[in-house]
Amino acid sequence: MSCDVAIIGAGAAGIAAARSLVARGLTVRLLEAGPRLGGRAFTESTSLGAPFDHGASWLHDAEANPLTPLAAHLGCSFHKQERRTKQGLTINGHAASAAERAAYLAAIGAAEAAFAAAAGQAGGEDPDCASLLPPGPWQATVAHWLGNIINGAPLSGISVRDYVAIDLHGGNWQLAEGLGTLVARLAAGLPVSLNTPVRRVAWGGPGLAVETPAGTLAARAVLVTVSTGVLAGHALRFTPELPAELLQAIHGLPLGLLSKVALRLAPGALAELPAFTRFERPVADAADAAMNFMLRPFGRDHAVGFIGGAQAWALAQQGPAASEAFFRA
């Protein structure tokens, strides 16, 4: 087989690239190692009896997000939420007061203002975000929220310039049908080969050869849309080898981790709470691993816990039973 462009990875980036190239009259082939479309956007309804996003869940910066008009065109149902919502803060098992919630939000704002000020300074210094956190009683909780939960990694490992450069604004919207459902629908009509892992890309000659268990695909160009984690694992090889500076960048940009645990509520449990109620608690220090919760999304009987950073990696290594036990505790 042959095509103008071979695209490795049928997640959101690969699907978007394929749509754009096909619109320009080029022939493409999407090659996906797994059995489904969407990559880290994956919705299924069997486990919890209603659509649930195992991976990506939100249309961040929704007003400017290019997926938003596509979702509207396909008739998806939105839950529109402001960028930052803190209605479910508990302190020592009791609901926080309005003043305490306001103090927490103010501490988050002060931290992000400090990041912005440091990123805007001239010079070559690029400190980590943790070193710039303003002192105060909410410091550890702010670090947990902005680092482990928002970025899936501790603030001590995050460049302040990068944090500010990619900080998103606008609303955070969710889809009743699931974000994974939307991404998969956007691949309709595209030439996709599932269960087709790419073993090697030969790119040293005038054309390119993409080697798979199903055979070799000839292409004028190849777009690689898999994550830096996949590339760093060397499951996909290149001949000749990629340039040293590119390999250094791949290994220097590891992925963070934000894990979810979702359980069904008992019939009628927490029915008095509004849909999408969130709960979190203050943390004492960096070693205090806390889970943040979202309850009854779209009014469904789901309770979803989020844990990020080092604790997420530790639980992932121990398996699903450990994550469920942590959620319950």
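Two strands are counted as paired if DSSP finds at least two bridges between them. The legends below describe a predicted model.

**View 1. The open sheet of 7 strands, with β1 between β2 and β12.** The strands follow the order β9-β2-β1-β12-β11-β10-β13, and their pairing is mixed. β9 (192–193) and β13 (237–239) are the edge strands, each of them pairing on one side only. β1 is joined by 4 bridges to strand β2 (residues 28–31), and the two run parallel. Within this pair, Ile7 stands opposite Leu30 of β2. β1 also pairs in the parallel sense with strand β12 (residues 215–224), over 6 bridges. Here Ser2 has Ala218 of β12 as its bridge partner. Helix α1 lies across β1, β2 and β12 and runs at about 170° to β2. In general, strands of a sheet pair through backbone hydrogen bonds, in either a parallel or an antiparallel arrangement.

**View 2. The hairpin formed by β11 and β12.** In contrast to the parallel pairing of β1 with β12, strand β11 (residues 208–212) and β12 run antiparallel, joined by 5 bridges. The hairpin has 2 residues between its strands. Glu211 stands opposite Thr216 of β12.

**View 3. Surroundings of Ala10 in the loop between β1 and α1.** The loop that holds Ala10 connects β1 (2–8) with α1 (12–23). Ala10 has a relative accessible area of 0%, and because buried means under 20%, Ala10 is classed as buried. With residues up to four places away in sequence not counted, Ala10 touches Ile15, Leu30, Leu31, Glu32, Leu37, Gly38 and Gly39. Among these contacts, Leu30 is also the residue of β2 that stands opposite Ile7. Gly204 follows Ala10 at a distance of 194 residues along the chain, and the C-alpha atoms of Ala10 and Gly204 are separated by 25 Å.

**View 4. Surroundings of Gln81 in strand β5.** Strand β5 covers residues 78–81 and contains Gln81. The relative accessible area of Gln81 is 10%, which is under the 20% limit, so Gln81 is buried. Leaving aside residues up to four places away in sequence, Gln81 touches Gly171, Asn172, Trp173 and Arg278.

**View 5. The open sheet of 4 strands and the helices α9 and α10.** The strands stand in the order β14-β17-β16-β15 with antiparallel pairing. At the edges are β14 (258–264) and β15 (277–279); each has a single partner strand, so one side of each is left without a neighbour in the sheet. Neighbouring strands of this sheet are turned by 20° against each other on average, direction ignored. The antiparallel pairing of β14 with β17 extends over 7 bridges, and Ala262 stands opposite Val304 of β17. Helix α9 lies across β14 and β17, at about 110° to β17. Helix α10 (residues 320–328) lies across β14, β16 (292–295) and β17, at about 70° to β14.

**View 6. The second largest pocket, with a volume of about 340 Å³.** It is lined by 20 residues, of which Asn148, Pro154, Asp285, Ala286 and Ala287 are the closest to its centre. At least two lining residues are supplied by each of α4 (139–149), β17 (302–308) and α9 (310–318). Helix α4 gives the most to this lining, with 4 residues. By class, the lining of the second largest pocket comprises 12 nonpolar, 6 polar and 2 charged residues.

**View 7. The largest cavity, holding about 160 Å³ of space.** The residues closest to its centre, out of the 17 that line it, are Pro51, Phe52, Asp53, Gln174 and Pro297. The model has 1 cavity of 30 Å³ or more. β4 (52–53), β8 (172–175) and β17 each contribute at least two residues to the lining of the largest cavity. The largest share of that lining comes from β17, with 3 residues. The lining of the largest cavity divides into 10 nonpolar, 4 polar and 3 charged residues. Strand β17 thus appears in several views: β17 pairs with β14, supplies at least two residues to the lining of the second largest pocket, and gives 3 residues to the lining of the largest cavity.

Terms used
Residues are numbered from 1 along each chain as its sequence is written. This is a predicted model: local features need pLDDT of at least 70, side-chain atom pairs count only at pLDDT 80 or more; totals for chains, interfaces and linings use all residues. Side-chain values use heavy atoms; hydrogens and water are left out. On a 1 Å grid over the protein atoms alone, a cavity is a set of points where a 1.4 Å probe fits but cannot get out, and a pocket is an open set with protein on both sides within 12 Å along at least five of seven lines; lining residues have an atom within 4 Å of a point. Grid points are joined across faces, edges and corners, and a volume is the space filled by probe spheres set on the points. Ala, Val, Leu, Ile, Met, Phe, Trp, Tyr, Cys and Pro count as nonpolar, Asp, Glu, Lys and Arg as charged, and the others, Gly among them, as polar. Axes are lines fitted to C-alpha atoms, for helices over the stretch in contact, and angles run from 0 to 180 degrees between N-to-C directions. Contact means heavy atoms within 4.5 Å. Buried means under 20% relative accessible area, exposed over 50%, partly exposed in between (1.4 Å probe, protein chains only).
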